[in-house]
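Hi there,

Here is the structure I promised to hand over, and my notes follow right below it. Have a look at it first, then read on at your leisure.

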Amino acid sequence: MNHQLKLPYNKVIVDDRLREQDVGIFENHTYLEYEAYFSSPEDRFILAAPQGESGSEVLARTQELLLKIAVDHPNETVLLVTHAYNCCHINLSLEFFGSFD
């Protein structure tokens with residue numbers, strides 16, 4: 001992607017806060033198995049699977065990064081490449097806060 005977009009290599013930053021959610025013991029299992037572990041969609045957000053992280057933890061680290069980007073790169077265009085669940089949290093954050101200015 002970097003080559004196709006002709007981005008300067010020194011401008012590419014990899015940040016662990018954009019990693020996929022850690023589903024713990026459900027790694028290499030189906031999403032249906034993961035989903036069945038929880039009693040409700042709310043529990044999937046609030047609670048973590050054993051050895052994993054909750055949706056609220058993913059939201060917190062994603063928001064932390066968004067705030068850092070807003071401070072470090074004001075009025076700049078920033079491209080984020082991440083997983084779908086993180087994209088949902090980014091959209092939720094932007095809808096809730098409006099912006100990070």
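A residue is called buried here when its relative accessible area is under 20%, and exposed when that figure is over 50%, with partly exposed in between. Please also keep in mind that this is a predicted model.

Let me begin with histidine 89, which sits in helix H5 (residues 84-97). Is histidine 89 buried or exposed? Its relative accessibility is 4%, so histidine 89 counts as buried. Beyond its neighbours within four places in sequence, histidine 89 is in contact with Phe45, Gly55, Val58, Leu59 and Thr62.

Tyrosine 85 belongs to helix H5 as well. With a relative accessibility of 30%, tyrosine 85 counts as partly exposed. Which residues does tyrosine 85 contact, once neighbours within four places in sequence are left aside? They are Gln21, Phe45, Gly55 and Val58. If you want a distance to check in your viewer, try the C-alpha atoms of tyrosine 85 and lysine 11: they are 25 Å apart, with the two positions 74 residues apart along the chain.

Next comes helix H4, which covers residues 55-72. H4 has 18 residues, and the distance from its first C-alpha to its last is 26 Å, close to the 26 Å expected at 1.5 Å a residue. The buried residues in H4 are Gly55, Val58, Leu59, Arg61, Thr62, Leu65, Leu66 and Ile69. What do these buried residues of H4 pack against? Their partners are helix H3 (41-46) and H5.

As for the nonpolar side chains, in soluble globular proteins these tend to be buried together. In this model, the largest nonpolar core has 5 residues, namely Val23, Phe26, Tyr34, Phe38 and Ala49. Within that list, valine 23 touches Tyr34 and Ala49, and valine 23 also touches Gly52, again not counting residues up to four places away in sequence.

There is a nonpolar patch on the surface too, formed by Leu5, Leu7, Val12, Val14, Leu79 and Val81. Together these residues have about 570 Å² of accessible area. One of them, valine 14, lies in the loop between helix H1 (2-5) and helix H2 (31-37). Valine 14 counts as exposed because its relative accessibility is 80%.

Now for the backbone. Most residues other than glycine have a negative phi. Asparagine 28 is not a glycine, yet it has a positive phi of about 70°. Where is asparagine 28 found? It lies in the loop between H1 and H2, and its relative accessible area of 76% makes it exposed. Glutamine 51, also not a glycine, has a positive phi of about 65°. Glutamine 51 is in the loop between H3 and H4, and with a relative accessible area of 68% glutamine 51 is exposed.

Finally, the charged pairs. Side chains of opposite charge can pair when their charged atoms come close. How many salt bridges does the structure hold? There are 7, and I picked out a few for you:

- Arginine 17 pairs with aspartate 15, and their closest N and O atoms are 2.7 Å apart. Arginine 17 is buried at a relative accessible area of 17%, while aspartate 15 is partly exposed at 22%.
- Glutamate 35 and arginine 44 meet through their side chains in a salt bridge of 3.7 Å, N to O. Glutamate 35 is partly exposed, with a relative accessible area of 28%, whereas arginine 44 is buried, with 17%.
- Aspartate 72 forms a salt bridge with lysine 68, where the closest N and O atoms are 2.4 Å apart. Both residues lie in helix H4, 4 residues apart, or about one turn of the helix. Aspartate 72 counts as partly exposed at 37% relative accessibility, and lysine 68 is partly exposed with a relative accessible area of 40%.

In addition, salt bridges that share partners join Asp16, Arg19, Glu53 and Arg61 into one network. You will recognise Arg61 from the buried residues of H4.

Happy browsing, and do write back with any questions.

Best wishes

Terms used: Residues numbered from 1 in each chain as written. Heavy atoms only, no water. Core = buried A, V, L, I, M, F, W, Y, C linked by side-chain atoms within 4.5 Å. Buried < 20%, exposed > 50% of the residue type's maximum accessible area, 1.4 Å probe, protein only. Contact = heavy atoms within 4.5 Å. Helix = DSSP H or I, 4+ residues; strand = E, 2+ residues; numbered from the N terminus. Expected span 1.5 Å × (residues − 1). Patch = residues over 30% accessible without salt bridge, like charges linked within 9 Å, V, L, I, M, F, W, Y side chains within 5 Å. Areas by Shrake-Rupley, 256 points an atom, 1.4 Å probe, with all protein chains shown as cover. Salt bridge = Lys/Arg side-chain N within 4 Å of Asp/Glu carboxyl O.
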